[in-house]
Amino acid sequence: MNIEDEIKRRKTFGIIAHPDAGKTTLTEKLLLFGGAIQVAGAVKSNKIKKHTTSDFMEIERQRGISVATSVMAFEYEGYKVNILDTPGHEDFAEDTYRTLTAVDSAIMVIDCVKGVEPQTRKLLEVCRMRNTPVIVFINKMDREGRDAFDLLDEIEKELKIKVRPLSWPIGIGKSFKGVYNLYEKKLNLFRGENKQIVEDTIEVRNLKDGSLENFISGDFADKLREEVEIIESVYPEFSANDYQQGSICPVFFGSAVNNFGVKELLDCFVRISPFPRSRETDQNDVSPFDKKFSGFVFKIHANLDPKHRDRIAFLRICSGKFERNKYYHHVRDKKELRFSNPTAFMAQDKSVIDEAYPGDIVGLYDAGNFKIGDTMTEGAELNFKGIPSFSPELFRFVVNTDPMKSKQLQKGLEQLTDEGVAQLFTRKVDGRKILGTVGALQFEVIQFRLKGEYNASCNFESYNMHKACWIDCDDKKKLEDFIEDKANYIAYDKEERPVFMAESAWLLQMTQEKNPDIQFYFKSEF
Ligand code: G4P
């Protein structure tokens, strides 16, 4: 197969959801269809449950699982499907945001009982930043959930997106009969006999000709006809192009745990979802069809076992062909590196690969060369954009509790923050180090890893801040004046970029109003 065909058959995506909506269950069912696993239960949830917050063995165990399931690839009907796993625990949300920079599309799972939840909202915002195409899967239709139209309205309103149902539920909860596939004009019946749920697919091209009553009772048939008519008149005709531009989200209904509606989702997904697209760099856009290899690191996974200090950098290939043992250019370090054991991930197995194509993710064993966001090329001096840091939500001062180990602490903080565990800031007025994270769990992970891997100890002192905003101004003098004026609230990130630490949303708003020339950003790339 030539390289162009290889690229066009790649579907690299992430499944995103608020915890408990059914992401792990759906992933597993997709892997079963793809033949990547043979039995249900093979994919463990990578959720770190709330009550295990302080249980480091649990963190370690979970990390072990998550490296195995970070990327799950399988072949399906001629397509190469790459699922990028995202952490379930909301404290690791930043990991999820970064993983989303490496996908070409996403499937968002929503629980039909709970509707839109806080994490759903945040994740969709991240997708919107890059116009990532999103398919919505409304899950748990076997439960007494909300009315389908109400759910769609809520999704449109809360997430500020346009939706287009491609399947439609018949009944819900105890009276859930199945779904009508609007895309293929097929009826899928849901039967829950003796807990053995069988899926039947029946072609019903014409809903009006009475054949529907052979399969579902009159009331349900009438309601379905009525609702399909409403859908056809209220929602625009489905356009794969609009979906690929990120301007409309197709919606499917089903029940992941019952494996119901999952095959329809997968069949449609492989057909309509985009193959790798061009990506923005600080030079020209890079097309996946460019002959020369390029890619970027979006995730680094360290081994917590001090006897095996290796790390795995996850590289998303953006153009050309990646080959084992070939020298590539590490743009930031200006170094040539080659990899003798690049790995691909097939469900739970890792295997050494000889080549990989745009859309694929390869795991590179790393002795500390990589930072998140690093670009590798076949010589070109360019850097991929769109792998920003997001404003953390929790901040703490780092207090060194072992002054004899200051160097180790510094090194540990540098390396752990390169891996993206947290963000490191330095306060302008006194040079104090501040760690910023999305969740409280990271502070424990850092303390634990500093001790175990760097033999350094630290404590944290609270620093109650609302947000860190990267600041800029066209007039550099004005920016300098602002920094001097607000010195107590200024810190610098690791790249020496100035950041305004806002104590509260109110203070941030006031400061923005009083300083209209200064731009405030919630992410490091603007
Ligand atoms: P997550 O990764 O998004 O956090 O969710 P996960 O798949 O772990 O699913 C969360 C819970 O929801 C699980 O139950 C799972 O079995 C259940 N679930 C998933 N899909 C459906 C569905 O279609 N219908 C119903 N009724 N439940 C569903 P649990 O009790 O937390 O775990 P388990 O003991 O069942 O594994």
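## Two helices that cross

A helix axis here is a line fitted to C-alpha atoms over the stretch in contact, and angles run from 0 to 180 degrees between N-to-C directions. With that in hand, let's look at a pair of helices in this predicted model. Helix α10 spans residues 406-418 and helix α11 spans residues 441-454. Their axes come within 10 Å and cross at roughly 120°.

How do α10 and α11 lie relative to each other, roughly parallel or oblique? Angles of 65 to 115 degrees count as roughly perpendicular and those over 145 as roughly antiparallel, with roughly parallel kept for angles under 35. The crossing of roughly 120° falls in none of these ranges, and α10 and α11 are therefore oblique to each other. As for handedness, α10 passes α11 in a right-handed crossing.

## Around the ligand

Now to the ligand, which has 15 residues around it. Asp 20, Lys 23, Thr 24, Thr 25 and Ser 255 come nearest. Sorted by class, the shell holds six charged, five polar and four nonpolar residues. Helix α2, residues 23-33, gives the most to this shell, with three residues.

## Polar contacts and burial

Backbone atoms meet ligand oxygens at two residues listed here. For Asp 20, a backbone N or O atom sits 2.6 Å from an oxygen atom of the ligand; for Lys 23, the corresponding distance from a backbone N or O atom to a ligand oxygen is 2.7 Å. Asp 142 takes part through its side chain, where an N or O atom lies 2.8 Å from a nitrogen atom of the ligand. The protein buries 67% of the 710 Å² that the ligand exposes when taken alone.

Technical notes:
Residues numbered from 1 in each chain as written. Predicted model: local features only at pLDDT ≥ 70, side-chain atom pairs only at ≥ 80, totals over all residues. Heavy atoms only, no water. Near = heavy atom within 4 Å. Polar contact = N/O pair within 3.5 Å; in protein donor to acceptor, adjacent residues only side chain to side chain. Areas by Shrake-Rupley, 256 points an atom, 1.4 Å probe, with all protein chains shown as cover. Helix = DSSP H or I, 4+ residues; strand = E, 2+ residues; numbered from the N terminus. Nonpolar A, V, L, I, M, F, W, Y, C, P; charged D, E, K, R; others polar. Left-handed = near helix turned anticlockwise from the far one by under 90°.
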